[in-house]
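The following exercises concern a ligand and its protein surroundings. Please study the sequence and the structure before reading each solution.

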Amino acid sequence: MLDIDKVANIVLVGPMGSGKTSVGRRLACVLKRDFFDSDFEIVARTDVAIDHIFDVEGEEGFRNRETNMLTDLCEISNIVIATGGGIVIKPENRELLKHNSFVVYLSSSVEQLVARTARSKSRPLLERSTNREQTIKDILEARETFYQEVADIVIDTTGKKLYAIINEIKKAIPK
Ligand code: S3P
């Protein structure tokens with residue numbers, strides 16, 4: 001059993017549109033911890049948008065930057081981290097996540113993910129897709145076992161309000 005006092009970080013994983021950033025920001029506030037969003041930090045560090053990184057360096061370049069960022073964030077203690085949806089793809093990221101972090105997998109129905117990302121213009125994997133619903137289904141199929149592998153808890157966010165999700169996470173954090 002994890003002891004939260006010894007757990008460096010609370011890390012949120014899950015697909016695009018599962019609510020990692022909104023949940024993470026609120027959770028950090030409630031727990032009086034600092035909040036970091038790995039995509040935001042990558043943008044701040046590079047001074048360019050994520051889709052620009054995909055354009056110039058390809059997905060591989062972005063994934064390398066993502067691993068570097070996760071490594072750096074995991075060096076900080078006592079924070080809440082919202083990750084990008086693809087953080088679980090690389091085995092080394094999964095090992096990092098499983099080591100000394102309390103990992104929350106925010107799962108969601110495909111319908112909700114499609115609805116929540118419908119207006120998004122900054123997610124290259126969706127931007128380039130001609131069928132967003134199918135792309136989201138394919139992504140879930142490819143990553144579901146990875147999300148489960150790293151998760152200490154899984155919270156289905158479908159149809160739930162932010163405060164309800166936060167309460168579920170708070171209850172699940174080891175005392
Ligand atoms: C990605 C998710 C995005 C971002 C990038 C790639 C993915 O983050 O990291 O566009 O591979 O699922 P969000 O999950 O915050 O949208």
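**Exercise 1.** How do the residues of the shell around the ligand divide into nonpolar, polar and charged?

*Solution.* This is a predicted model, in which local features need pLDDT of at least 70, side-chain atom pairs count only at pLDDT 80 or more, and totals for chains, interfaces and linings use all residues. Residues are numbered from 1 along each chain as its sequence is written, and side-chain values use heavy atoms, with hydrogens and water left out.

Step 1. The ligand is surrounded by Met16, Lys20, Asp39, Phe62, Arg63, Gly84, Gly85, Gly86, Arg123, Pro124, Leu125 and Arg143, where a residue is near if one of its heavy atoms lies within 4 Å.

Step 2. Ala, Val, Leu, Ile, Met, Phe, Trp, Tyr, Cys and Pro count as nonpolar, Asp, Glu, Lys and Arg as charged, and the others, Gly among them, as polar.

Step 3. The shell therefore comprises four nonpolar, three polar and five charged residues.

**Exercise 2.** Identify which side chains have a polar atom 2.6 Å from an oxygen atom of the ligand.

*Solution.* A polar contact is a pair of N or O atoms within 3.5 Å. Lys20 places a side-chain N or O atom 2.6 Å from a ligand oxygen. Arg63 likewise has a polar side-chain atom at 2.6 Å from an oxygen of the ligand.

**Exercise 3.** Which parts does the salt bridge between Arg128 and Asp55 tie together?

*Solution.* A salt bridge is a side-chain nitrogen of Lys or Arg within 4 Å of a carboxyl oxygen of Asp or Glu. In this pair, the closest N and O atoms are 3.0 Å apart. Arg128 belongs to the loop between α6 and α7 (132–150) and Asp55 to helix α3, so the pair links parts 73 residues apart in sequence. Helices are DSSP runs (H or I, at least four residues), numbered from the N terminus.

Key
A polar contact is a pair of N or O atoms within 3.5 Å; within protein, one must be able to donate a hydrogen and the other to accept it, and residues adjacent in sequence count only if both atoms are side-chain atoms. Helices (H or I, at least four residues) and strands (E, at least two) are DSSP runs, numbered from the N terminus.
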